[in-house]
Amino acid sequence: MPCRFFLVDAFADRPFAGNPAGVCILDRDASAEWMQSVASEVNASETAFARRRDDGTFHLRWFTPRIEVDLCGHATLATAHVLWASRDLAESEMAKFHTRSGPLTAVRREAWIELDFPACATTAIAPPAGLLEALGVKAVFVGRTRSDVLIEVDSEAAVRSAAPDFAALRRVGVRGAMVTARSATAGVDFVSRFFAPGVGIDEDPVTGSAHCALAPYWAQKLAKDDLSAHQASARGGFVRCHLAGDRVLLSGKAVTIFRGEGVST
């Protein structure tokens, strides 16, 4: 039987904004090779693959066009949106996922979808050789997160004007680099951009998983647990963040762009 396939704009309140994610709802197991081939064909920054378990929860995996990843926020938000929109779950039900990053959940909060993700600490490091030159920025702070590098710069303007040399950034050898600053915009606490050419994503439009590190970082600097974030890519998107101990609640909206059937597993 063909799988059900959806393309969803996540962290968006209108079509063609936020971050596009492919979502495949599977009725049986699929091989990693097949899922990777689908993700490469879709060529979104991530494609999610969800399969219902006997207990009503879901296995969930995420693939970029090149590799499987341990955590993806926008594709998780997109998957939860699809499960409610397609009536795989009632709107009042919590979406529960089993993933490589442990159990994750999503709930509806009126027009918003709230994800419960693990918080990620940032440890100060010396900038990896060539990193700042490849990004074309001057750093106020450089830190290592679980998988990536966080670079604070001195202004929102510096975030927006960054023009990385992606070939040089690939040679640096970091998985991803998030560039961030305090926001100059009323009602927004911090801005960021995320670059990951080493895994096939030059710039990710809106990166939920990056906010697992960005939210704790800015919560400490700004002395507040509730934050509003804007990822300042060309498409752009807003993320509400709430720090809750070792967890981060990330909220956003989503819009289905199209739905159909994919090739059989």
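## Charge over a ring

The charged end of Arg240 lies over the ring of Trp112, at 3.6 Å from the ring centre. This value, like the others in this report, comes from a predicted model.

## Aromatic pairs

Eight aromatic pairs occur in the structure. One of them joins Phe166 and Phe195: the ring centres are 6.1 Å apart and the planes meet at 50°, so the pair is classed as tilted. The angle falls in neither the stacked range, under 30 degrees, nor the edge-to-face range, over 60.

Phe166 belongs to helix H5 (residues 166-172) and Phe195 to strand S13 (residues 190-196), so this pair ties together parts 29 residues apart in sequence. Phe166 has 23% relative accessibility and counts as partly exposed, whereas Phe195, at 1%, counts as buried. The cut-off for buried is under 20%.

Ring pairs also link a cluster made up of Phe141, Phe190, Tyr217 and Trp218.

## Helix H2

Helix H2 covers residues 73-85, which is 13 residues. At 1.5 Å a residue its expected span is 18 Å, and the end C-alpha atoms are 18 Å apart, so the two values agree.

The helix is mostly covered, with twelve of the 13 residues buried. The buried set consists of Gly73, His74, Ala75, Thr76, Leu77, Ala78, Thr79, Ala80, His81, Val82, Leu83 and Trp84. After H2 comes Arg87, which has a positive phi, near 65°.

Conventions: Residues numbered from 1 in each chain as written. Predicted model: local features only at pLDDT ≥ 70, side-chain atom pairs only at ≥ 80, totals over all residues. Heavy atoms only, no water. Phe/Tyr/Trp six-rings, centres within 6.5 Å; stacked < 30°, edge-to-face > 60°. Helix = DSSP H or I, 4+ residues; strand = E, 2+ residues; numbered from the N terminus. Buried < 20%, exposed > 50% of the residue type's maximum accessible area, 1.4 Å probe, protein only. Lys NZ or Arg CZ within 6 Å of the ring centre and 35° of its normal. Expected span 1.5 Å × (residues − 1).
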